[in-house]
Structures are given as structure tokens and as C-alpha cells.
Amino acid sequence: SPPWQGALQLLRDQLKSAHVTLMLRPPSPESTGVMINTGAVTQQGVDSYETHFFALDPFVRLSEGQVVTAEELIGKQWLQSTVYQEYLKPLDVRHLLGADIYTKDGIECRLRITRGHDALPFSEADKGLVKRLLPHLKRSIQIHAQLDFLECERALFAGAVNRLLLGMVSFDQNGAIIETNPEARRILGEKDGIWLAGNNLCLDNSQESRDLQRLLRQALSGASINDEGPGMVEAMAVTRPSGRAKLGVLVKAVPMGQFSESKQRPAVVVFLRDPESNAAQPSQELVRRLFGLTRMEAQLALLLTEGLTLDEAAEKMNVRRNTARTHLRSIFCKTGVTRQTMLVRLLLNSVISLG
């Protein structure tokens, strides 16, 4: 950590260089870069390059697969350049070797290797070693980009599930719990009919407990089949001793893919839904923009989705019933619905719950 640090350090040792730097994202006028450095570097040196000298650097945009020194690419004038005279020379950098990596996804990375004024120039053997390493480095960068994309996607989906107040508990192939999301931890933490004991889901009702264990066993059995299609789905309700509405429980198998080998991957997911949980109130501004409503109309619409009657909503808004009716007629006109139940369904099925 950070990625590539160990490999770059090995390359630095092998080449007897002062620094090896991988610019995963070169600096630009829009943003600072992402650089992995080995060797003696200071934050001030990194900052000065990212904020100023990058724009003056002529040793950029090298041809794919080309490994060259700055002097080979630019000529004798390299030693007269502003970057060398005002930035590299004070840092005791005399020899600079570089290669650039480009991918079809638009990634541009720069590998830069330096030696001091007392060191020998880079040899053809040094350049040959770097050239042999480039395809492997490019492959690692592509894998890193794919993992980064998947992590961003996972975080996006996890956030959406949490905002929808859907609890999620994932199990591996051996029936051990891998992960619980925030809503699942809230429901299980209440210990109202269902809770977590060690690595097991426990239920107060013995019959419901047996039913859940049976569904889990069936789902785990179905998850072991190499099938990329949808897995088995079963559902049940869980009684809560507090007298609140029953929890909804859905058990879904996650079949192994053709090349799945890990036993730590999710094999079964249990979804938990509390029908009485209160979602965070959607933004009135979001509702207003989505449906073209006024501020008062958006407030009324949200109150109706919470289950309030028109009279109750009018009282909470501190307006007369006739005023609320006027607002409701305007909402109907703007949304194209004709009944209050249709309006509630329209709002609940919209994107406001994700906002």
C-alpha cells in the first residue's frame, strides 16, 4: 500500500536509481495527479510538480512501448529546460529515463526513473529491463482500473440498497455470515424476533426458526450449482414479540459462476424488510424539480406518501382543508393522476427514495 510500491522499490534497487515514480494520473490544469514515489521525496517537491512544473515538462507523451532518456528524446536542450534547471537539478536529478503506458479505456500512465549527478547514465541493458516489464505493468494497471470500477459500482449499489431500507445478510458456501449492511444491523440489533448470535441468525419463534434454517440449507444447496441464471428465491415472515408488523425475509441463492472457486464468495443472501421503518424524508426540492411542483405542493405530496389523510396533512401544514384541496388538484394536474392513491404510488415508484 499504495499499489505497486513494493514492485517499484524492487525496480529502483535493480537499476540503482534515486527514484522510481509511477504517475497513475498525470497532473493537469483540472486536478492534481496520483503519483506513487519511491526514493527520497518531499511533499513540497511533489506539490511543486503537481501545481506548476508539470505544465512545463517537455518529457511527456512518449510513444507506446518506447523507453528513452530525456536527452535522447529532446536533445541537448533538455539540460537548458526550465524543468531541469529549476526543478530537477536542485533535487540532484541528472539522468531521467521514462516510458508511457496507454490503454484503450483512455488511461495514460507515466513511469519515470532518475539517477543523480554522481551516477552513471542509464545503459541499454537498463532500458531493456524496463521495456520487458512494461507489458506486465500495463496489465496490472488495467486490472487495477477494473477493480476500481467494480468497487465504485459496489459502493453505488450498496448505497442504493441502504437508502431503500433493505437489510442484507450474505453467507458463504459453508453457511458463515460474510457481511451485514447497516439496515440489517439495525434490525438485528433490535432483537425483536430475529437477532445475531455469533455467526448465526436466531429467531424467537421456534417454527419460524426451523423454516429459516430449511430455506438457508436449500439455498446453499442451490448455490453450489454452476449456473449463471437466477438463483432460488424463497420468502417468509418473522413474528416480532413487540407486536409490531412482521418482518419480511427473502432468501436468495447466488449460484456459482463457471470459474468460481473461492468459498468466501457470497453464496446466499438474506434480505430483511421492516414494514414500519421510517425512511429518511426525501428532499422537497427533489420532489419539486422532479414533478414541477411548488414548495407547498411538494410538502403536501410527501405528507400523503407518509400515510397521512388530506385533513391530517392540512393540519400539519397549518393550512385550511380547502387550501390543501386546491394544492392537491394542482398536483393532480401536474402529475397526470386523478386519485390520491395513484399519486402516492407514483411518488413511491419514483427516484425520490434514492435521493
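Student: In which order do strands S1, S2, S3, S4 and S5 stand in their open sheet?
Tutor: Welcome to a predicted model, in which local features need pLDDT of at least 70, side-chain atom pairs count only at pLDDT 80 or more, and totals for chains, interfaces and linings use all residues. Residues are numbered from 1 along each chain as its sequence is written, and side-chain values use heavy atoms, without hydrogens and water. Helices (H or I, at least four residues) and strands (E, at least two) are DSSP runs numbered from the N terminus, and two strands pair if DSSP finds at least two bridges between them. Here the pairing is antiparallel, and the order is S2-S1-S5-S4-S3.

Student: Which strands are the edges of that sheet?
Tutor: Look for the strands that pair on one side only. Those are S2 (34–38) and S3 (68–69).

Student: Which residue in S2 stands opposite Leu-22?
Tutor: Strand S1 (residues 19–25) and S2 run antiparallel and are joined by five bridges. Opposite Leu-22, in S2, stands Ile-36.

Student: What angle does helix H5 make with S4?
Tutor: Helix H5 (residues 124–163) packs on the sheet and touches S1, S4 (95–102) and S5. Axes are lines fitted to C-alpha atoms, for helices over the stretch in contact, and angles run from 0 to 180 degrees between N-to-C directions. On that basis, the angle between H5 and S4 is about 40°.

Student: And at what angle does helix H1 run to S2?
Tutor: H1 covers residues 5–15 and lies across S1, S2 and S5 (108–115). Its angle to S2 is about 45°.

Student: Is Asn-37 buried or exposed?
Tutor: Asn-37 lies in strand S2. Buried means under 20% relative accessible area, exposed over 50%, and partly exposed in between, with a 1.4 Å probe and protein chains only. The relative accessible area of Asn-37 is 19%, so the residue is buried.

Student: How long is the polar contact between the side chains of Asn-37 and Thr-21?
Tutor: Beyond its neighbours within four places in sequence, Asn-37 is in contact (heavy atoms within 4.5 Å) with Gln-5, Val-20, Thr-21 and Val-46. A polar contact is a pair of N or O atoms within 3.5 Å; within protein, one must be able to donate a hydrogen and the other to accept it, and residues adjacent in sequence count only if both atoms are side-chain atoms. For Asn-37 and Thr-21 the distance is 2.8 Å.

Student: Is the ring pair of Tyr-49 and Tyr-87 stacked, edge-to-face or tilted?
Tutor: Rings of Phe, Tyr and Trp (its six-membered ring) pair if their centres lie within 6.5 Å; planes under 30 degrees apart count as stacked, over 60 as edge-to-face and the rest as tilted. By this rule there are four aromatic pairs. The centres of Tyr-49 and Tyr-87 are 5.7 Å apart and the planes are at 35°, so this pair is tilted.

Student: How many residues separate Tyr-49 from Tyr-87?
Tutor: Both residues are buried, Tyr-49 at 6% relative accessible area and Tyr-87 at 13%. Tyr-49 sits in helix H2 (residues 43–51) and Tyr-87 in helix H4 (residues 82–88), so the pair links distant parts of the chain, with a separation in residues of 38.

Student: Which residue joins Tyr-49 and Tyr-87 in one aromatic cluster?
Tutor: Take the cluster that holds both tyrosines, Tyr-49 and Tyr-87. Its other member is Phe-53.

Student: Which residues of S9 point to the buried face?
Tutor: S9 (residues 200–203) pairs antiparallel with S8 (residues 194–197) through four bridges. Side chains alternate along S9: Asn-200 and Cys-202 point to one face and are not buried. Pointing to the other face, and buried, are Leu-201 and Leu-203.

Student: What is the phi of Gly-198?
Tutor: S8 and S9 form a hairpin with two residues between them, and Gly-198 is in the turn. Its phi is positive, at about 65°.

Student: What is the average twist between strands in the sheet that contains S10, S11 and S12?
Tutor: That open sheet has five antiparallel strands in the order S7-S6-S12-S11-S10. Its edge strands are S7 (177–180) and S10 (233–238). From one strand to the next, the twist averages 20°.
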